[in-house]
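Student: Got a minute to go through a model with me? I'd like to poke at single residues and then zoom out.
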Amino acid sequence: MVMYFDYQGSKKETLIEIRNILEQNGFKILEYAPEDGFLFTDYKEFNWGSGRRLLAVAVHINDMIKITGMGKMDIPV
């Protein structure tokens, strides 16, 4: 899943705001490079329906904010 967003202000301020939102929602930041406009989270567990789902987020800011979600899923047998 990839999403693109516009932003106002500087790249660093926007990345700090995104980092705060992710941390408030329980994500652990693995890599954080404000000078490059990049951050990457560890997988966070979600229980939606049957089975366990893990979701990680990568954020890259250039002229737009690019948010990439990566998931893993355990399927009960």
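Student: Is Met1 buried or exposed?

Tutor: Met1 is exposed, because its relative accessible area is 59%. The cut-offs are under 20% for buried, over 50% for exposed and partly exposed in between, with a 1.4 Å probe and protein chains only. Keep in mind that this is a predicted model, where local features need pLDDT of at least 70, side-chain atom pairs count only at pLDDT 80 or more, and totals for chains, interfaces and linings use all residues. Residues are numbered from 1 along each chain as its sequence is written, and side-chain values use heavy atoms, with hydrogens and water left out.

Student: Where does Met1 sit, and which patch is it part of?

Tutor: Met1 is in the segment before β1 (2–5). Helices (H or I, at least four residues) and strands (E, at least two) are DSSP runs, numbered from the N terminus. Together with Met3 and Phe5, Met1 forms a nonpolar surface patch with about 290 Å² of accessible area. Patch members have over 30% relative accessible area and no salt bridge; nonpolar side chains (Val, Leu, Ile, Met, Phe, Trp, Tyr) are joined within 5 Å, like charges within 9 Å. The areas come from the Shrake-Rupley method with a 1.4 Å probe, and for residues only the protein chains shown count as cover.

Student: Which residue in β6 touches that N-terminal stretch?

Tutor: Ile67, in strand β6 (residues 65–73). Leaving aside neighbours within four places in sequence, Ile67 is in contact (heavy atoms within 4.5 Å) with Met1, Val2, Met3, Phe5, Val57, Ala58 and Val59. Ile67 counts as buried because its relative accessibility is 17%. Its C-alpha is 9.8 Å from that of Leu39, 28 residues apart in sequence.

Student: Val59 is on that list. What's its story?

Tutor: Val59 lies in strand β5 (residues 53–61) and is buried, at 1% relative accessibility. Beyond four places in sequence, the residues it touches include Leu15, Ile18, Leu22, Gly37, Phe38 and Leu39, as well as Ile65, Lys66 and Ile67. The C-alpha atoms of Val59 and Phe38 are separated by 5.5 Å, with their positions 21 residues apart along the chain.

Student: What else does Phe38 touch, say over in β2?

Tutor: Ala33, which is in strand β2 (residues 29–33). Ala33 is in contact with Leu15 and Phe38, if you skip neighbours within four places in sequence. Ala33 is buried at 13% relative accessibility.

Student: Switching to helix α1: what surrounds Thr14?

Tutor: Thr14 is found in helix α1 and is buried, with a relative accessible area of 11%. Outside its neighbours within four places, Thr14 is in contact with Tyr7, Gln8, Ile61 and Ile65.

Student: How many salt bridges are there?

Tutor: One. Side chains of opposite charge can pair when their charged atoms come close. Here the cut-off is a side-chain nitrogen of Lys or Arg within 4 Å of a carboxyl oxygen of Asp or Glu. Glu23 and Arg19 form the bridge, at 3.2 Å, N to O.

Student: Why are Glu23 and Arg19 about one helical turn apart?

Tutor: Because they are four residues apart in helix α1. Glu23 is partly exposed at 37% relative accessibility, and Arg19 is partly exposed at 25%.

Student: Which ring does Arg19 lie over?

Tutor: Tyr32: Arg19 lies over its face, 4.2 Å from the ring centre. The rule needs NZ of Lys or CZ of Arg within 6 Å of the ring centre and within 35 degrees of the ring normal. Lys44 also lies over a face, that of Phe27, at 5.2 Å from the ring centre.

Student: And how many aromatic pairs?

Tutor: One. The rings of Phe27 and Phe46 have centres 6.4 Å apart and planes at 50°, so the pair is tilted. Pairs (Phe, Tyr and Trp, its six-membered ring) need centres within 6.5 Å; planes under 30 degrees apart are stacked, over 60 edge-to-face, the rest tilted. This pair links distant parts of the chain, with Phe27 in the loop between α1 (11–24) and β2 and Phe46 in strand β4 (residues 44–46), 19 residues apart. Both Phe27 and Phe46 are buried.

Student: Okay, zoom out. What's the overall make-up?

Tutor: One helix and six strands, running β-α-β-β-β-β-β from the N terminus. Of the 77 residues, 26% count as buried.
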